[in-house]
Amino acid sequence: MKKTNLMKHLTAAALSLAMTLSLAACSGSPNSSGPVSPAPGSAQMPADGTVFHVGICNYVDDASLNQINESIQARLKELEAEATSKVTFVIDYDNPNGDATVMNQIISNFLADKVDLMVGIATPVAMAMQAATEDSQIPVVFSAVSDPVDAQLVESLEHPGGNLTGTSDYLDTNSVMDLIFAVNPEAKKIGLLYNVGQDSSKTPIAHAKEYLDAKGIQYVERTGTNAAEVKQAAQALAADGVDAVFTPTDNTIMESYLSIYEIFVDAGIPHYTGADSFALNGAFLGYGVDYANLGRETADMIFDILYNSASPASTPVKTFDNGTATVNTETCAALGLDYDEIAQLFTSQKLCTKVQPITTAEEFGDLEG
């Protein structure tokens, strides 16, 4: 910034020389692999040929988070084509599959490569990026962080206050509980399936307990930190004779879900979850945000920060309507329930703004065509 102030006082010839030297220091041309992005808060539009390098780190390989990544990249391509200045977004994507050591190495690589912005999909990645960029203040846009204030990523949703902002998939747990008792008003025992180490599960599970305590309903907690433990926990809940099971936006459970959903189906237990990807992978119901749209909104934030020089500190965290219930019609039928009746029930009681059907598949793309 000091160079910018000094150049205002240079003669035209000296200014030309300074600009030439500056370009040379940035690898020679705006089409190079490492241009300097506009500083946050600057009003200057990027020059034609500017290349923005974006490092995206996903937390685990699951349907919801993968859908976010795919939507981010697709939307950036759209914005690239629509932009007044001819700019290019070069994406460096990686996934540590939940391994903290690998995740930190990926972020270190982004720092070494001098990316213009980092994207952290899920809370653990966002927290690691926050720590890694404390000195450099490289902009970070997070996605699918359930409670960014509680995770101390931002000061508030309206005024993040640092170099991080992003999108939240905050879950309205009480609404999920209402769905459970709308389908089965006589439910006496509810299972809670989650990973105690998942930040995204902490608040929703606490809210679920408060809700059930207020109604005098018994609940059973079963937890797992890996695929084997998750399967054992699911089997234990089936043996416990619970009337329904609740899982929030828990990535550990999501990773293993294709291998456990039949445990609940065979036991006649509907599983209510905090994301449509669970329903895609066989759960009775997923309730929450549209993750494809969440990815698009995340990309819009990335574009605004890099192209329009918006400041992360003053860019509000984006939250979404939690009103979509996604019901797996195959699981619904296997449980002896009728999808049309369920949809009518939820709609008539105004328990959600939208009910949509889905069938079991591994990824959302498997349903296309």
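Select glycine 288 and threonine 324 to begin, since the two residues stand opposite each other, threonine 324 belonging to strand β11. The model on the screen is a predicted one, and every stop on this tour should be read in that light. Widening the selection to the two whole strands shows β10 and β11 (residues 324-328) pairing in the antiparallel sense over four bridges.

Stay with β10 and display its side chains. Leu285 and Tyr287 point one way from the strand, whereas Gly286 and Gly288 point the other way, and all of these residues are buried. In a regular strand the side chains alternate between the two faces of the sheet.

Next, move to the other neighbour of β10 by selecting threonine 273, which stands opposite glycine 286 in β10. Here β9 and β10 run parallel and are joined by two bridges.

Now zoom out to the sheet. Its seven strands form an open sheet in the order β7-β6-β8-β9-β10-β11-β12, and the pairing is mixed. Colour β7 (218-223) and β12 (354-358) separately: these strands stand at the edges with a single partner strand each, so one side of each is left without a neighbour in the sheet. Looking across the strands, one finds a twist that averages 20° from one strand to the next.

At the β7 edge, select β6 (residues 189-194) together with β7; the two strands run parallel, and six bridges join them. Within this pair, leucine 193 stands opposite arginine 222, the latter residue being in β7.

Add the helices that lie across the sheet. Helix α7 (residues 199-215) lies across β6, β7 and β8, and its direction makes an angle of about 170° with β6. Helix α6 (residues 173-183) lies across β6, β8 (244-247), β9 (271-273) and β10 (285-288), running at about 165° to β8.

With α7 still displayed, which side chain meets that of glutamate 221 in a salt bridge? The partner is lysine 209, with an N to O distance of 2.9 Å. Glutamate 221 lies in strand β7 and lysine 209 in helix α7, so this pair ties together parts that are 12 residues apart in sequence. Both ends of the bridge count as partly exposed, glutamate 221 at 34% relative accessibility and lysine 209 at 22%.

That contact brings us to the salt bridges in general, of which the structure holds seven. Select Arg75, Glu78, Arg296 and Asp300 together, as these four residues are linked in a network of salt bridges. Centre the view on arginine 75, which forms a salt bridge with glutamate 78, the closest N and O atoms being 2.9 Å apart. Arginine 75 and glutamate 78 are three residues apart in helix α3 (residues 63-82) and are therefore separated by about one helical turn. Arginine 75 also forms a salt bridge with aspartate 300, and in that case the closest N and O atoms are 2.8 Å apart. Because arginine 75 lies in helix α3 and aspartate 300 in helix α12 (residues 291-306), this second pair ties together parts that are 225 residues apart in sequence.

Is arginine 75 buried or exposed? At 13% relative accessibility, arginine 75 counts as buried. Glutamate 78, by contrast, counts as partly exposed at 32%, and aspartate 300 is likewise partly exposed, with a relative accessible area of 26%.

Follow aspartate 300 into α12 and select the whole helix. α12 has 16 residues and reaches 23 Å from its first C-alpha to its last, which is close to the 22 Å expected at 1.5 Å a residue. At the start of α12, pick aspartate 290, from which a side-chain oxygen reaches to within 3.0 Å of the backbone nitrogen of alanine 292. Further selections along α12 can pick out its buried residues, which are Tyr291, Leu294, Gly295, Thr298, Ala299, Met301, Ile302, Phe303, Ile305 and Leu306.

For the last stop, select valine 51, which is found in strand β1 (residues 51-58). Valine 51 counts as buried, at 9% relative accessibility. Add aspartate 116 and draw a distance between the two C-alpha atoms: the separation is 9.3 Å, although the residues are 65 apart along the chain.

Key. Residues are numbered from 1 along each chain as its sequence is written. This is a predicted model: local features need pLDDT of at least 70, side-chain atom pairs count only at pLDDT 80 or more; totals for chains, interfaces and linings use all residues. Side-chain values use heavy atoms; hydrogens and water are left out. Two strands pair if DSSP finds at least two bridges between them. Axes are lines fitted to C-alpha atoms, for helices over the stretch in contact, and angles run from 0 to 180 degrees between N-to-C directions. Contact means heavy atoms within 4.5 Å. Buried means under 20% relative accessible area, exposed over 50%, partly exposed in between (1.4 Å probe, protein chains only). The expected span of a helix is 1.5 Å times one less than its number of residues. A polar contact is a pair of N or O atoms within 3.5 Å; within protein, one must be able to donate a hydrogen and the other to accept it, and residues adjacent in sequence count only if both atoms are side-chain atoms.
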